[in-house]
Amino acid sequence: MRGLRPWAAVHAATALLLLTTALTPGTSSAASSPPGGPAFATQPARAALARLLPRHVSQFSLVPAARPASGDYFSVSGQAGQVRVRGTSPAVILSGVNWYLKHTAKVDLGWPGESTAKLPRTLPAPTGTVHRQASVPHRFALNDTDDGYSGAYRDWASYERQIDLLALHGVNEVFVQMGADAVYHETFQEFGYSGKELRSWIPGPAHQPWWLMQNMSGFAGPVSERLLQDRAGLGRRIADRLRGLGMTPVLPGYFGTVPPGFTERNPTGPVVPQGDWVGFQRPDWLDPRSEVFGRVAASFYRHQRELFGDSSMFKMDLLHEGGRPGNVPVGDAARAVMDALQTARPGAVWTLIGWQKNPSPEIIDAVDKSRLLIVDGLSDRYDGLDRETTWHGAPYAFGTIPNFGGHTTIGANTAVWAERFDQWRTKPGSTLAGIAYLPEGTGGNPVAYELFTELAWRTAPVDQRAWFADYASRRYGGPDPHAARAWELLRTGPYSTPSGTWSEAQDSLFTARPRLNATTAASWSPGAMRYDPATVRAALAELLQVSPSLRATDAYRFDLVDVARQALANRSRSLLPEIKTAYDAKDLSRFRALAAEWKGDLALLDRLLATDTRFLLGPWLEDAKSWGRTPAERAAAEFDARSILTTWGHRSGSDTGGLRDYANREWSGLVRDFYAMRWTTYLDSLDTALVTGRPPAAVDWFALENAWNQERDRYPVHPSGDPVAAATAVLVALPAPAGG
């Protein structure tokens, strides 16, 4: 009999310690309670407050409440310096604290950016008693891609901060994929594979989300056994923290992904080849009707429980983005997948993403719909949607993907959210049961995150204009007329993009692989401006006039850099056609002037980004290297972290598949040494072509880009320069508005 792996033994001991603590008199193992159930310990919420508000935590009294049949709620009352927050779980209590901070104390704790430094020594008294009821039971967060595009190499402190901010904004269900590789590694050693074979099959951490979705395997590997151990340890810590706050860690479920050669090792396990996914060979799919599928699933869930503890929600999507069922009836497959889940975790909810044609009616109709939750990634993207009809009455969460690939672009369809969510929730026969915040990469667009998560705590439509005005009054810790005008401009521009085609704004052409007719950087992004760029330029001018007393806040510094960055990025969309016109006209003087402006804008952009840590490449790469124990491991991790941002994968996936620059973003270091390097190479070749009259020299872009992926240059991890001075320089560099 195979013994526990070292990390499984460690977590078994941890689980025993947690159980012993839970059974000690005066403590509770429950972080939330069923209707009429016992109270819970508020210490996890207090610990979070100590991290978030260390100077003021003692002024909060946190009171547990049993959850009634109507669902979660919080209330806020008290007097100056003595704020009482009551709620139905530690996370709900934190949501109540955040409501107080936003609407009474008038400060912001955003993701990212905060103005809590403006809090007075003694907290102000709430006005009467505020009571808020959750309008939906499911408040889900994180896309399958989050670990890849938000940072697969983050440390515990980063995840702890993320969890605190998720709880603070009312989220109660969080997708956790960290350490899932260890579950597969353990499971398939019981089915004829060596650890070495499996570690070559598992991709590098930055690319693992797409392996878990059955899109690809192996790239940026092999992984080391030590890396698997470390990731499993961190995944357990994340899951335990969520449970402690009364939140549900949503874990990956098993739906049939197998390593190569499975049937040769397991003759009773037929597989269906899955073909290619944008240039990558997909892993095979084990027929869920087979006898061996049940055994693999049982092993998977057993090892998952040993490593991560229990959960009541599991995320998995059959035949994602073009998967092939072969001769397997999809309904039969879905039924077998659900049976395996219910056998291992009776009563568990199968969570699927609403994306493209997923989930199909065949899946929905084959299983108990009450055990499904569809987190809809398209609620705000298209018009004419009828989810009750399309999904045959299955429960779903109103969701948004306001960001693809971790792009740094700002904007979202917030006006659609403000109107559509309540319409869908209250219509006759509605099966809307939640919200789902699903950006492909988190850590940007703080206003979008704040508005979207607040939907779940309102029982009437949101007045978008009034909401943005209120946000402006607290974002920097106090009201300011210029901040108010800036956010009204941003509301009418990038944050009021319409539904019908996209749920994110356009990306930057500075980050596109060079070509004169470029309209996007990522292959699947809007090909034109989705709002009037003058709104962002004018918002920048207003932000630069905000009172000096508010400029010291972290939120102001982040927003100023972000808006200046966007204003300059928008200039790329008007400047590139001018460069093309000059080149096509063979106007060398004009071409050189415009090319110099383009290069100068890239240099200015990099200087601006260097003033804020959140726009630096250095931390991303240093995080990756910190997971390596040897020079080879550190080099592999850095390649993994670099390539996801640039080529994404190998030549086939990057060029033929179109994945290059899918995760483009404007970060200092990446702009200077990658994007500017490409554009300088290209523009110089066009200059030479104009001078000589010969065609421009051909460039092997993938070879050039992949060479950068393999470099090991170090980049700053601390900001440099003055953000106000840099943002002012951006405003000066931008063309004056027409008539201005």
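Here are some exercises on the structure above, each with a worked solution.

**Before you start**

You're looking at a predicted model, where local features need pLDDT of at least 70, side-chain atom pairs count only at pLDDT 80 or more, and totals for chains, interfaces and linings use all residues. Residues are numbered from 1 along each chain as its sequence is written, and side-chain values use heavy atoms, with hydrogens and water left out.

**Exercise 1: a sheet**

Work out the order of the 4 strands in the open sheet, and find its edges.

*Solution.*
- Start with the terms: strands (E, at least two residues) and helices (H or I, at least four) are DSSP runs, numbered from the N terminus. Two strands pair if DSSP finds at least two bridges between them.
- Now read off the order, which is 1-3-2-4, with mixed pairing. A quick reminder: strands of a sheet pair through backbone hydrogen bonds, either parallel or antiparallel.
- The edges are strand 1 (60-64) and strand 4 (130-133), each of which pairs on one side only.
- Zoom in on strand 2 (residues 73-79): 4 bridges join it to strand 4, and the two run antiparallel. Along that pairing, Tyr-73 stands opposite Gln-133 of strand 4.

**Exercise 2: the nonpolar core**

Find the residues with the most contacts inside the largest nonpolar core.

*Solution.*
- Terms again: a nonpolar core is a set of buried Ala, Val, Leu, Ile, Met, Phe, Trp, Tyr and Cys residues joined through side-chain atoms within 4.5 Å. Buried means under 20% relative accessible area, exposed over 50%, and partly exposed in between (1.4 Å probe, protein chains only).
- The largest core has 233 residues, and Tyr-254 and Trp-350 have the most contacts inside it.
- Helix 20 (residues 554-584) supplies the largest share of this core, 14 residues.
- Next, check who touches Tyr-254, where contact means heavy atoms within 4.5 Å. Leaving aside neighbours within four places in sequence, the partners of Tyr-254 include Tyr-184, Phe-188, Leu-286 and Val-337.
- Tyr-254 also belongs to a cluster linked by ring pairs, with Trp-201, Trp-211 and Phe-314 among its members.

**Exercise 3: rings and charges**

Classify the ring pair of Tyr-471 and Trp-487.

*Solution.*
- The rule: rings of Phe, Tyr and Trp (its six-membered ring) pair if their centres lie within 6.5 Å; planes under 30 degrees apart count as stacked, over 60 as edge-to-face and the rest as tilted. By this rule there are 55 aromatic pairs.
- For Tyr-471 and Trp-487, the centres are 5.1 Å apart and the planes stand at 85 degrees, so the pair is edge-to-face.
- Place them on the chain: Tyr-471 is in helix 17 (residues 464-475) and Trp-487 in helix 18 (residues 481-492), 16 residues apart.
- Tyr-471 is buried, because its relative accessibility is 0%. Trp-487 is buried as well, at 4%.
- Compare Tyr-583 and Phe-591, a tilted pair with 5.9 Å centre to centre and 55 degrees between the planes.
- Last, look for charges over rings, meaning NZ of Lys or CZ of Arg within 6 Å of the ring centre and within 35 degrees of the ring normal. Arg-474 has its charged end over the ring of Trp-467, 5.6 Å from the centre. Arg-665 lies over the face of Trp-620, at 5.2 Å from the ring centre.

**Exercise 4: backbone oddities**

Which residues does each cis peptide bond join, and what is the phi of Lys-586 and of Trp-648?

*Solution.*
- Know the usual case: most residues other than glycine have a negative phi, and most peptide bonds are trans.
- One cis bond joins Gly-221 and Pro-222, with omega about -5 degrees. Pro-222 sits in the loop between helix 8 (208-212) and helix 9 (225-244).
- Another joins Asn-358 and Pro-359, with omega about -10 degrees. You'll find Pro-359 in the loop between strand 14 (349-354) and helix 13 (361-366).
- Lys-586 has a positive phi near 55 degrees, in the loop between helix 20 and helix 21 (588-609). Lys-586 is exposed, because its relative accessibility is 67%.
- Trp-648 has a positive phi of about 75 degrees, in the loop between helix 23 (631-645) and helix 24 (651-656). At 0% relative accessibility, Trp-648 is buried.
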